[in-house]
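Got the viewer open? Let's take a walk through this one, stop by stop, with something to select at each.

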Amino acid sequence: MAKRTGIEVSIAVSEAVKLANTDVIAAYPITPQTHIVEHLAELVAQGELNAEYIPVESEHSAMSACLGSSAAGARTFTATAGQGLELMHEVVYVASSMRLPIVMAVANRALSGPLSVWGDHSDVMSVRDTGWIQIFVENGQEAVDNTICAFRMAEDSRVLLPVMVHLDGFHLSHMVEPIMMPDQKEVDEFLPPFNYPLPLDPSKPVTMGAFAPPIVFTEAKWAQEMNLEQSKDVILEVWKKFGDKFGRYYNPVECYRCDDCETLIMTMGSFSETAMMAIDKLREEGKKIGLFRIRLWRPFPFEEVRETVKNAKAIIVLDRAISLGMGGPVASELRNALYPLEKRPKIMGFVGGLGGRDITPTDFEKIIKRGLEIAAAGSNREFEIYGVRE
Amino acid sequence: MSKQTVVETKERFAPGHRACIGCAEALAVRMVCKVLGDNVIIVNATGCMEIVSSQMPFTSWTVPWIHTLFENNSAVASGIEAGLKALTRKGVRDMSSTKVVAMGGDGSTLDIGLQALSGAMERGHNFLYICFDNEAYMNTGIQRSSSTPYGATTTTSPAGKASIGQFSWKKNLPAIAAAHNIPYVATACPSYHRDLAMKVKKGMEVKGPAYIQILSPCPTGWRCPTDNAVEVGRSAVQCGMYPIYEVENGKYKINVSPEPLKPVVEYLKGQGRFRHLADTDINKIQDKVNQDWAHLKELAKI
Ligand SMILES: Cc1ncc(C[n+]2csc(CCOP(=O)(O)OP(=O)(O)O)c2C)c(N)n1
Ligand code: SF4
Ligand SMILES: [Mg+2]
């Protein structure tokens, strides 16, 4: 029977990887991902998870080993964060372009320099374009459920793409939360065994990773783009089936009290729970304000986002990363998504919560207030950084 | 093992690839593949041999083959080996007899991929690593590597008024591999094909990591005639510049003894990459070769 337990989110994610009966884990430790890979090493060492654990010598090798084990037809998991994701960057692209359904948890972390082990979304933004399915979770339950869903999405023969599950470093990875841990039997029923169509196998030789001259490359990228776009149907299907079985339903965009409102806040990751507290307070004061957050970051849920904001006049975006010289990456993607609309809401971008800086409900209230001021006054500033100490 | 069974006639590196005329790296790959047999999975690093053999939609590989990047073949091989182990143990597919073979050039192996190779050897994966050593980054236009011999001119160690060409001595990777205490390390050259075949066979049979480094003369990069790569290779061995030996469970053995060593000048003069060297440079190289050879003989004695 599934049971609710108080458990650290990182540990819960590793337990989900165990429930998925993963065959190979290749990982290199980095804060704040360490508890995930340490616990997996422990599970393998205790014989509780029948997997090969490769303690590689770098993240570049972690993802490279994942390419190999996945291509051999083994269910494969890794986890990383921050600098680790940067070091494996080159290989991250190869996983998706070779259609290897690896699942990776990313405990989101700031990027050097200055050195910071704390959380923000800088690492995520550097892998936006890598062709992976990417899911942002908000709490421990979502992290567990989506780790399990990730394997099913990735390995579906219509998809065969790697999936990243993003969870905020420390703010989520190190929280102890009450989580319903699914039962092994239920997971086995939900997640079919991995059956890679053309694994590396001498009984049926394949050439993988041939190089593309200009006459083929564009078509290869087109096929990859189609593949990623079309994966959305399967993602929705998997979430639906998961909901039907486990009673917890997920969707690409999550809304909180946004039905009747003209002002919306947009976030990604665990800060939305804090934002909800601010929303509740402002609602009590009679302000019509709601929140939405993007759960499915790639493929980008254009339709769902447009549907969500159709009545909004102003959207205030909190980005936990900065694209230096440009602004908040999520805000700019939102502008891109909404530009084709005839009635376009104003978009106010804020960058905050960098390198582990907390954003409290009061901060959210201040951000909203400032956002509305800017919306009323009109501004040609692309974004503001929130909370800079002078 | 009888000599007849070592080399099969079956070709597994299919003709039609795009290697330059007279390429002894392609020759070495072809010989190696004959010995590897069909029950292997090859992991190729980026480099000449990957590029000449795998232009979409063609392939020269009749066995399962994967290329991903330049510096990660050992790590990919680690993953495959672990994957095969897990699948076998869990009863999904019995892959227990399949050997994983990683291949790379000297640039891939001695330079950019050294960390991954060291990691894979240290962890003890059951795989055979073969380095095709043509002593420079040939695929990108003959740039120096740490395997380029002292004095050779390359496009990034050009000889000139203020430069001798390659300014450092060749990195001794077989010694580094042996220092990982792996069961089998060897050097070879396609000019000694029987020796090469025996070594590949041994590398295949060893349980655990094996490292074989094969001198692969490259007429394009070495600036030598396209019809004598095999002779050049033999000459490298005969003058002691590329000794052919093996280290089995830590024990050194010289397999081809060229004594008395031919003078290095005979080897150097046949190649454009050494043409600029003065007698004093050649003497310096000769001294180093004498020293290294004496050292190797010492090791083989113990
Ligand atoms: C990360 C990275 N850096 C550089 C390159 C460019 N590159 C491709 S092959 C190569 C040299 C290959 O040299 P080697 O390994 O000796 O193989 P060879 O071509 O000589 O057989 C280089 C520098 C690359 N593909 N990837
Ligand atoms: S450049 Fe040298 S190694 Fe590369 S294909 Fe030509 S001859 Fe062979
Ligand atoms: Mg080379």
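**First stop: a helix crossing**

Start in chain A, where H10(A) and H13(A) cross in a right-handed sense. Keep in mind as you go that this is a predicted model.

To bring the pair up, select residues 271-284 of chain A for helix H10 and residues 361-377 of chain A for helix H13. Their axes come within 8 Å and cross at roughly 70°. Angles from 65 to 115 degrees count as roughly perpendicular, so that is the label for H10(A) and H13(A).

Now show side chains. On the H10(A) side, pick Phe271(A), Thr274(A), Ala275(A), Met277(A), Ala278(A), Lys281(A) and Leu282(A). They meet Pro361(A), Phe364(A), Glu365(A) and Ile368(A) of H13(A). Colour this contact by class and you should get 8 nonpolar, 1 polar and 2 charged residues.

**Second stop: another pair in chain A**

Next, select residues 59-71 of chain A (helix H3) and residues 89-97 of chain A (helix H5). At what angle do these helices pack? The answer is about 15°, with the axes 8 Å apart. That angle makes H3(A) roughly parallel to H5(A). As for handedness, H3(A) passes H5(A) in a left-handed crossing.

To see who touches whom, turn on His60(A), Met63(A), Ser64(A) and Leu67(A) from H3(A). From H5(A), add Glu90(A), Val91(A), Val92(A), Val94(A) and Ala95(A). The class split in this contact is 6 nonpolar, 2 polar and 1 charged.

**Third stop: ligand 1**

Leave the helices and centre on ligand 1, which lies between chains A and B. How many residues surround ligand 1? There are 18, and the closest are Cys48(B), Gly107(B), Ser108(B), Ala136(B) and Asn139(B).

Get your distance tool out for three pairs that end on a ligand oxygen:

- Cys48(B): a backbone N or O atom sits 2.8 Å from an oxygen atom of ligand 1.
- Glu25(B): a polar side-chain atom is 3.0 Å from an oxygen atom of ligand 1.
- Asp106(B): here too a polar side-chain atom is 3.0 Å from an oxygen atom of ligand 1.

**Last stop: ligand 2**

Finally, select ligand 2 and show the residues around it: Ala19(B), Cys20(B), Cys23(B), Glu25(B), Cys48(B), Asn134(B), Met138(B), Cys218(B), Pro219(B) and Thr220(B). You'll recognise Glu25(B) and Cys48(B) in that shell from the ligand 1 stop, where Glu25(B) and Cys48(B) each came up. By class, the shell around ligand 2 holds 7 nonpolar, 2 polar and 1 charged residues.

Terms used. Residues numbered from 1 in each chain as written. Chains lettered and ligands numbered in written order. Predicted model: local features only at pLDDT ≥ 70, side-chain atom pairs only at ≥ 80, totals over all residues. Heavy atoms only, no water. Axes fitted to C-alpha atoms, helices over the stretch in contact; angles between N-to-C directions. Helix = DSSP H or I, 4+ residues; strand = E, 2+ residues; numbered from the N terminus. Parallel < 35°, antiparallel > 145°, perpendicular 65-115°, else oblique. Left-handed = near helix turned anticlockwise from the far one by under 90°. Contact = heavy atoms within 4.5 Å. Nonpolar A, V, L, I, M, F, W, Y, C, P; charged D, E, K, R; others polar. Near = heavy atom within 4 Å. Polar contact = N/O pair within 3.5 Å; in protein donor to acceptor, adjacent residues only side chain to side chain.
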